[in-house]
Structures are given as structure tokens and as C-alpha cells.
Amino acid sequence: MVQKYESPVRIYKYPFELVVAAYERRFPTCPQMPIVLDCEIIEDNVFDNGARRDTKRRCKIAVEAPYLIKKIIGVDVVFFIQQNFLDMKTRTLNIEATNESFATRVEIFEKCRYYAHPENPDWTCFDQTATLDIKNFFGIEHSMEKMGMKQYTQTTLKGKEIIEFFVNELKQEGITHVDRWVDDATVTSTTAGAATNTTPPEKPPLCRDNSILDADYIAKYLGQLTPLQESKLVQLRKRFEHGTSEHPEPDYQTLLRFLRARDFSIDKATGMLQESLQWRQEQRIDSILGEYKTPAVVEKYFPGGWHHHDKDGRPLYILRLGTMDVKGLLKSVGEDELLKLTLHICEEGLRLMKEATKLFGKPVWNWCLLVDLDGLSMRHLWRPGVKALLRIIETVEKNYPETMGRVLIVRAPRVFPVLWTIVSTFIDENTRSKFLFFGGPDCMHAEDGIEQYIDTDKIPSFLGGSCNTLIHEGGLVPKHLYKSESIEETNGAIQAHDHHGLYKAVDLKPGQLFELLIRNTDPKSVLTWDFEVLKNDTLFAVFHTEKEIEQSGNDDFSSVFDGPDFKEGTSYKKIEQSVKCRPKEGVQGSHEMASTGTYVLQWMCPPSCDGPAQLMYFYEILSSANYKGSMTSLQSGFSSNSLQSR
């Protein structure tokens with residue numbers, strides 16, 4: 001739903017020129033607007049002998065939102081693009097501001113105007129309107145709308161105060177009057193104006209004198225277009241027709257993809273494409289197919305690759321996400337390298353689409369993705385992994401719009417809805433509509449199975465088909481290949497190299513216990529844990545008691561509940577049943593601490609073990625003030641990759 005805000009017209013009893021001088025002083029920051037952290041001028045052009053000035057700024061804004069919302073969106077600051085159009089001749093200043101951050105999920109457009117009072121030329125009028133369109137925002141759209149209304153109201157009320165403050169500052173400096181602009185170079189201005197108007201008019205956008213955009217070309221390479229869509233495509237091409245070595249002229253397929261991504265709005269498509277072209281230049285994307293060298297770790301452990309075509313002729317990429325060791329790949333090659341791998345895949349997709357267009361004699365301008373989730377578990381919800389995935393999705397959405405024709409999700413386990421809830425809010429609504437889900441083990445022959453979309457003889461053998469593929473199962477990346485946040489064994493002890501210091505190491509002798517006592521005074525807060533067993537079996541359980549307890553002394557082979565005052569089921573209870581964790585297994589879980597008291601996370605090395613157990617652990621508490629809603633206890637989740645590695 002689009003929210004529209006409009007402020008009443010305000011009157012400043014100062015001339016327009018003085019108000020403009022005061023307005024300019026609010027940049028890059030001003031005390032009345034502490035949420036504005038910085039404003040950087042990225043374009044500044046003066047025209048008509050100083051009569052007109054167009055200024056473009058990139059503003060850094062602090063996020064004023066509750067802690068949980070900041071945690072969900074993962075940022076403390078956002079960026080806006082503000083454009084000022086000052087015309088001293090007509091005595092008007094038009095201001096337009098749009099959000100740069102989260103632009104695919106939220107559209108904010110604000111328009112302000114300062115202008116000379118129509119009846120009193122020594123006064124200045126100001127009006128302001130804004131629209132807020134929250135398409136999808138992490139499932140908190142209603143809350144964001146209310147915050148948007150509140151922020152807009154506060155900003156509007158401060159507007160007059162800011163101008164008054166800087167007018168008074170000018171007065172203290174002895175500036176009480178600013179002369180009006182006078183055209184003292186009429187000849188120069190006229191000449192410049194004549195030069196500006198010598199640009200020949202554009203040819204009619206639907207003319208057929210351009211042989212490359214004839215009917216046959218459209219039918220063969222672009223597909224069906226309405227006359228209006230074709231017209232807009234020609235208009236968009238004219239904006240990019242003078243390519244350079246740094247910014248080559250985009251082809252019609254690229255122009256059409258960006259137009260479709262912005263509902264055939266020429267202005268929006270232009271802005272999106274300009275940013276993407278700049279990004280391609282900075283990241284050397286045009287050279288990635290020739291220069292990129294796949295790391296050995298990726299070649300051996302990344303379970304993805306191209307595999308024939310779907311029934312519509314789209315190139316088919318298969319990703320066996322359920323057997324991917326996300327943590328191992330990230331720690332061995334890093335987030336940037338995984339992003340580069342994804343971009344290489346996207347560029348390959350563009351090349352394969354052009355080849356498929358020639359092969360099948362019809363337009364193929366997107367590709368098909370098949371994601372096998374067999375083996376997906378809570379292990380895949382590792383925070384840095386999810387963060388890297390969201391960064392990849394955002395980069396692809398911005399720079400490869402409308403390249404995804406269909407996404408087939410097969411063998412989705414029960415844990416998948418948790419991951420989908422997190423990820424789906426970052427995916428464009430149009431792209432989300434292309435996802436098809438197959439939850440059962442027999443995704444091939446089931447009613448409405450994948451045989452509808454992929455020829456039977458092309459379905460890979462691991463999904464029950466007859467087609468062999470070179471796409472391997474992935475598997476665990478050996479820890480000796482880790483390059484960052486690695487875990488090394490030194491003199492029998494575990495040394496953690498975690499840049500953020502989140503995970504701690506524990507060694508447990510056979511029969512030894514390790515217990516974390518967490519005193520809770522905040523009902524409805526949430527306790528989460530994440531640990532990885534490195535050596536020997538380990539038993540894990542979670543307890544709760546309302547009795548006062550102290551951490552056990554030097555006896556590491558006794559529990560805090562071994563005293564005579566404790567009896568299970570009466571004075572304390574087990575809220576997470578004991579689970580046996582094997583070496584190389586990772587476990588994640590959470591529990592809503594509904595009551596006060598002490599919660600105990602307990603790990604034990606079974607007495608029967610032939611050596612010490614070693615583990616890395618991390619826990620976090622989310623306070624009830626920052627968490628709204630209800631959370632049921634999630635059972636601890638295991639990594640199936642680990643189970644396969646035994």
C-alpha cells in the first residue's frame with residue numbers, strides 16, 4: 001500500500017535569496033537533524049551564467065528504529081540521493097529525494113519546493129510531499145509504515161526551525177540581505193541557450209529505418225513486444241547510444257531486461273542501468289569470463305554446475321545446496337570469492353542464453369535454476385553464511401534483473417521454511433513468483449513433478465533420472481584449508497581465530513562436564529546457541545531451575561544439580577533432551593525463556609570416550625524488549641554433511 005504524506009504550505013518572512021543561503025548551510029550536517037550523518041556532493045553543475053544550478057548529493061542517514069528492526073535489516077545507516085534544482089531567475093528551488101538503500105523493497109520519494117510568495121516578493125513559501133511504498137520489508141511492513149509517518153512528521157516540524165536557525169546565524173555574521181540574480185551577460189546566456197537548443201530532435205521511436213530493430217530482429221531475439229514497449233526500448237537505447245570503451249553501449253537484450261525490471265519506466269530503468277554499468281566497470285565484470293580462475297577448493301567442494309536446458313530452452317544450472325559446506329567454503333575462500341564465483345556464473349548464464357537463442361531459433365533471455373535441498377539443516381542457517389547469501393542476492397538483483405526464468409526447489413526439508421522466511425524478503429516480488437517447490441523425496445514422477453519442466457532424459461541421476469552429471473555432492477571442506485577464522489590444534493589445545501571473538505573453545509576429558517549458567521530476569525527473552533564438536537562424542541542438554549545456584553567449584557566432573565537440594569522434575573527440569581553429537585557435527589538451537597530463573601547449557605564428554613572431547617561454542621540472548629512475537633522452542637538441528645562424513 002502506498003502511503004502519501006503532505007505538509008501544509010509554510011511561509012518564511014524572508015526573501016527567497018536569503019532563505020536559499022540559509023538552506024545551503026544545513027549541509028553536510030546540521031545540529032537540528034542529528035540523524036543526517038553526512039552529505040556528499042556527487043554532481044554540481046551551473047548553467048545560464050549562474051542562473052541555474054543542479055546539485056546531486058548522497059546523504060548518509062542513521063536508522064532510527066528499535067533494536068530488533070536494526071538487527072533484522074542488518075544496517076545502522078541508509079543512503080538517500082537528493083537532487084536540488086535551483087533557478088534564481090524564476091526564484092524557485094525544487095528538491096527531490098529518493099532512497100538508495102533497499103530500493104528494490106521500499107520506494108521513498110520526497111519532493112520539496114521553495115518559491116517566492118506570489119503576492120509578497122519579499123517572502124518565501126515552502127511545500128513538501130512524499131510517498132512511501134513498502135513492497136516487502138522483512139515481514140515488518142506495517143511497523144515500517146508507522147515509523148515512516150512518525151519520521152516524516154518530525155522532519156516536517158523541524159524544517160522551519162532549521163531555516164530560522166541558519167537565517168539567524170547569517171544575521172550574526174552581518175548578512176541580512178542577498179542580492180537577486182541579474183543577467184549581466186545576456187549575450188553569453190543567449191549564445192549558450194542557442195547552443196543548447198541546436199540538438200536535433202529525436203527520430204520517431206517507432207521508425208523502421210534502423211535495420212537492427214526491425215520486426216524480424218524483435219521476433220528472433222527479443223520476443224513479443226507491444227508497440228508501447230518497443231517505443232520505450234528505442235527511447236532507452238537513445239540514452240545509451242554513445243558508448244565508450246569504459247561504458248560500452250548495452251545491447252537490446254540488456255536494455256529490455258532493465259526495462260522489464262522497472263515496469264518499463266524509462267527514467268527508473270536508466271538510473272538502474274547507469275549504476276550497474278558503473279559497477280561493472282569498477283569490478284571489471286566484462287573481463288571476468290576470461291580472467292576468473294576457479295579456486296581449487298571451489299572446484300572440489302562447490303556442488304553446482306550447468307546442465308543442459310529445460311523444456312523452454314533455458315540454460316539449466318543445478319545447485320546441491322543441501323550438501324554444501326557453507327561454513328567451510330566461506331572460511332576457506334572468503335565471502336568476496338563466493339560473490340565473484342556467483343558473478344562468474346551469472347556472466348556464463350548471459351553467454352549461454354545468447355547461444356541458446358541461436359541454437360533454438362527463438363528468444364531465450366533468462367535461465368533456469370534447480371536447487372536440491374536434500375540434507376539442508378540448521379547448520380545452513382549459520383549467521384555469516386546467511387549474511388553472505390543476502391549480499392549475493394542483493395548484488396544479483398541489482399545487476400542481473402530478469403535473468404531468472406524459473407527456480408525449481410526440490411526435496412525441501414522441514415527446516416527450509418525458516419531459511420526461506422529470512423531470504424525471501426530480499427528477493428524481488430516478481431522473481432519470487434518464479435519459485436516452484438517440491439517437498440517430497442520423489443520430485444521426478446510425483447504429480448506436477450519436475451518432468452513438466454525438464455525432459456526426462458535430462459533429469460540427473462541423484463533425483464531419480466537417468467542422466468549422469470559431473471556435479472558432485474560437495475561435502476565438508478577440510479579445516480586445514482581454512483584461511484580465515486580457522487581452528488588449529490596447537491599442543492593438543494584448540495586455538496580459535498575468530499575475528500569477532502564470538503566462539504570459545506572447550507576441552508573436556510572423559511566424564512568431564514562443562515556448564516554455562518545463564519541467569520534470566522527477563523521473561524520471554526530468547527536463548528540461542530551454536531556449537532561445533534571437533535573431537536570425540538559430546539552430550540548436550542539444556543536445563544532450567546528457579547532455585548538459586550552457584551557455578552560448581554574445582555570439581556569439573558560434577559553438575560551444579562548434583563547437590564542434595566536438587567531433584568530432576570521437582571527443583572529443576574530438562575527443557576532440551578540430551579543429544580549425542582559426533583565429531584565434525586554442528587548444532588544450532590533456540591529456546592524462549594518464558595520464566596525467570598537460571599538456564600544451564602551443559603556439555604559432557606562420555607566416560608567411555610578414549611580421549612578428550614573438543615568443541616567451539618557461542619550463545620546469545622535476545623531480550624524481550626527487542627523481540628516481539630512468540631517463539632516456540634526449536635529442536636537442535638544437525639548438519640547432515642557431518643553425518644555423511646563419518
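These legends accompany several close-up views of a predicted model.

**Figure 1. The whole chain, before we zoom in.**
Let's start with the overall picture of this predicted model. The chain contains 16 helices and 23 strands. Of its 646 residues, 48% count as buried. The chain exposes about 33000 Å², and carbon and sulfur atoms supply 52% of that area. How do contacts spread along the sequence? Among contacts between residues at least 6 apart in sequence, 74% join residues at least 24 apart.

**Figure 2. R25 and E173 meet in a salt bridge.**
The structure holds 32 salt bridges, and this view shows one of them, between the side chains of R25 and E173, at 2.7 Å from N to O. Where do R25 and E173 lie? R25 is in the loop between α1 (16-24) and β2 (36-47), while E173 is in the loop between α3 (141-172) and α4 (186-196), so the pair ties together parts that are 148 residues apart in sequence. Is R25 buried or partly exposed? R25 is partly exposed, with a relative accessible area of 26%. E173 is also partly exposed, at 46% relative accessibility. As a general reminder, side chains of opposite charge can pair when their charged atoms come close.

**Figure 3. The hairpin of β2 and β3 has 4 residues between its strands.**
Strands β2 and β3 (residues 52-62) run antiparallel and are joined by 10 bridges. If you would like one pair to look for, V36 stands opposite I61 in β3. Now move to the turn of the hairpin, where D48 takes a positive phi near 50 degrees. D48 has a charged partner too: its side chain meets that of R52 in a salt bridge, at 3.1 Å from N to O. D48 counts as partly exposed at 25% relative accessibility, and R52 is partly exposed at 29%.

**Figure 4. D372 and R411 form a buried salt bridge.**
Here the side chains of D372 and R411 meet at 2.7 Å, N to O. The pair links distant parts of the chain: D372 belongs to strand β10 (residues 367-372), and R411 to the loop between β11 (404-410) and α14 (416-424), 39 residues apart. Are these two residues buried or exposed? Both D372 and R411 are buried. Salt bridges can also share partners, and in this structure they join D310, D312, R314 and R406 into one network.

**Figure 5. Four strands line up in an open sheet.**
In what order do the 4 strands come? The order is β16-β21-β18-β19, with antiparallel pairing. At the edges you will find β16 (513-520) and β19 (572-581), each of which pairs on one side only. From one strand to the next, the twist averages 15 degrees. Looking at one pairing in detail, β18 (residues 538-545) and β19 pair in the antiparallel sense over 7 bridges. One residue to follow is F543, whose bridge partner in β19 is K574. When you trace a strand, remember that in a regular strand the side chains alternate between the two faces of the sheet.

**Figure 6. The rings of F561 and Y572 are stacked.**
The structure holds 22 aromatic pairs. In this one, the ring centres of F561 and Y572 are 4.1 Å apart, with 5 degrees between the planes. F561 lies in the loop between β18 and β19, and Y572 lies in strand β19, so the pair ties together parts that are 11 residues apart in sequence. Both partners count as buried: F561 has 5% relative accessibility, and Y572 has 11%.

**Figure 7. The rings of W603 and Y617 form a tilted pair.**
Why is this pair called tilted? The ring centres of W603 and Y617 are 5.5 Å apart and the planes stand at 40 degrees, so the pair is tilted; stacked planes would be under 30 degrees apart, and edge-to-face planes over 60. W603 sits in strand β21 (residues 597-604) and Y617 in strand β22 (residues 613-622), 14 residues apart. W603 is buried at 1% relative accessibility, and Y617 is buried at 9%. These two rings also have company, as F514, W529, F531, F540, W603 and Y617 form one aromatic cluster.

Definitions and conventions
Residues numbered from 1 in each chain as written. Predicted model: local features only at pLDDT ≥ 70, side-chain atom pairs only at ≥ 80, totals over all residues. Heavy atoms only, no water. Salt bridge = Lys/Arg side-chain N within 4 Å of Asp/Glu carboxyl O. Helix = DSSP H or I, 4+ residues; strand = E, 2+ residues; numbered from the N terminus. Buried < 20%, exposed > 50% of the residue type's maximum accessible area, 1.4 Å probe, protein only. Pairing = 2+ DSSP bridges. Axes fitted to C-alpha atoms, helices over the stretch in contact; angles between N-to-C directions. Contact = heavy atoms within 4.5 Å. Areas by Shrake-Rupley, 256 points an atom, 1.4 Å probe, with all protein chains shown as cover. Phe/Tyr/Trp six-rings, centres within 6.5 Å; stacked < 30°, edge-to-face > 60°.
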